[in-house]
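User: Please take a close look at one part of this predicted model, namely its nonpolar interior, and describe how that part is put together.

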Amino acid sequence: METHFEAININEASLPERTAKQISKLIMEQHLTSEDRLPSEFELAELLNVGRGTIREGVKLLVARNVLEVRRGKGTYITQNPGEIPDPLGFTYCPDQLRLAMDLLEIRAQMEPWVAKTAAERATEDNLKALRETCAMVEQDILNEQDHSQSDVRYHTAIATCTQNLVVPKLIPIITHAIKLFVSLTERRLKMETLVGHREILDAICSKDGERAANAMGQHIEYNRVMLEEYRREPPGGE
């Protein structure tokens, strides 16, 4: 019975669905990244022996799954993190965002010190260069009084990449949501600590000092927790 069910799934897969799978296989076999443009509709139609309309439908499926993105005037590219969606755990719909922020910090306190320690022990020179650049981007945004949440996410993503662990960067959506939520709640008090904390973490990782990197990350997260506690104690409409 189970074998028959699987056979039906395979045989009844639509042509666009099969085409989407073939395009995904092409991406993996050719090791394409977000820097690479997907071949044109015409080229893909020739390669996969299907019509251009089918290629368009297959591409739409992969765009919906965050594997591909269409850049206006440039073509279709592989996304930064194929298959990942911005809010995979549905955090946006949590009714108590303050409690969510506290719970996310609890998870980060367990995870990120280890990530920082491992980053310090395994980072390559290219990794460190990217980490310095993202740290500078955060500082520039803060000094220019601009929203630094996206740069902050890139900084933590760069730390995750330094670990050389394939799984760690996939956990970034949890960190991403935590950072953006925290910035939205405590923006006015976070800026200077972010500058100091990020520099300390960066220096420890670049010095290949794993224990110091873990401690610096732990202190950074603990300060965030204290700020959230203060925010929670504020009366409604308080400064």
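The main nonpolar core

Analyst: In this predicted model, the largest nonpolar core comprises 45 residues, and those with the most contacts inside it are L104, L131, Y155, I159, I201, I205 and L228. At least two residues of this core are supplied by each of α5 (97–122), α6 (125–143), α7 (149–162), α8 (172–206) and α9 (210–233), with α8 giving the largest share, 14 residues. In soluble globular proteins, nonpolar side chains tend to be buried together.

I159 offers a local view of this packing: leaving aside its neighbours within four places in sequence, I159 is in contact with V115, A116, A119, L131, I201, I205 and M217. Apart from the largest core lies another, of 16 residues, which includes I27, L48, I55 and I78.

Two of the contributing helices can be followed further. α5, with 26 residues, reaches 35 Å from its first C-alpha to its last, which is close to the 38 Å expected at 1.5 Å a residue, and α5 bends by about 35 degrees at R108. At the start of α5, the backbone nitrogen of L98 has a side-chain oxygen of D96 within 3.4 Å.

α9, with 24 residues, likewise reaches 35 Å between its first and last C-alpha, close to the 34 Å expected at 1.5 Å a residue. The buried residues of α9 are G210, A213, A214, A216, M217, H220, I221, N224, M227, L228 and E229; of these, M217 is in contact with I159, while L228 is listed with the residues that have the most contacts inside the largest core.

Notes:
Residues numbered from 1 in each chain as written. Predicted model: local features only at pLDDT ≥ 70, side-chain atom pairs only at ≥ 80, totals over all residues. Heavy atoms only, no water. Core = buried A, V, L, I, M, F, W, Y, C linked by side-chain atoms within 4.5 Å. Buried < 20%, exposed > 50% of the residue type's maximum accessible area, 1.4 Å probe, protein only. Helix = DSSP H or I, 4+ residues; strand = E, 2+ residues; numbered from the N terminus. Contact = heavy atoms within 4.5 Å. Expected span 1.5 Å × (residues − 1). Bend = angle between axes of the 7 residues up to and from the residue. Polar contact = N/O pair within 3.5 Å; in protein donor to acceptor, adjacent residues only side chain to side chain.
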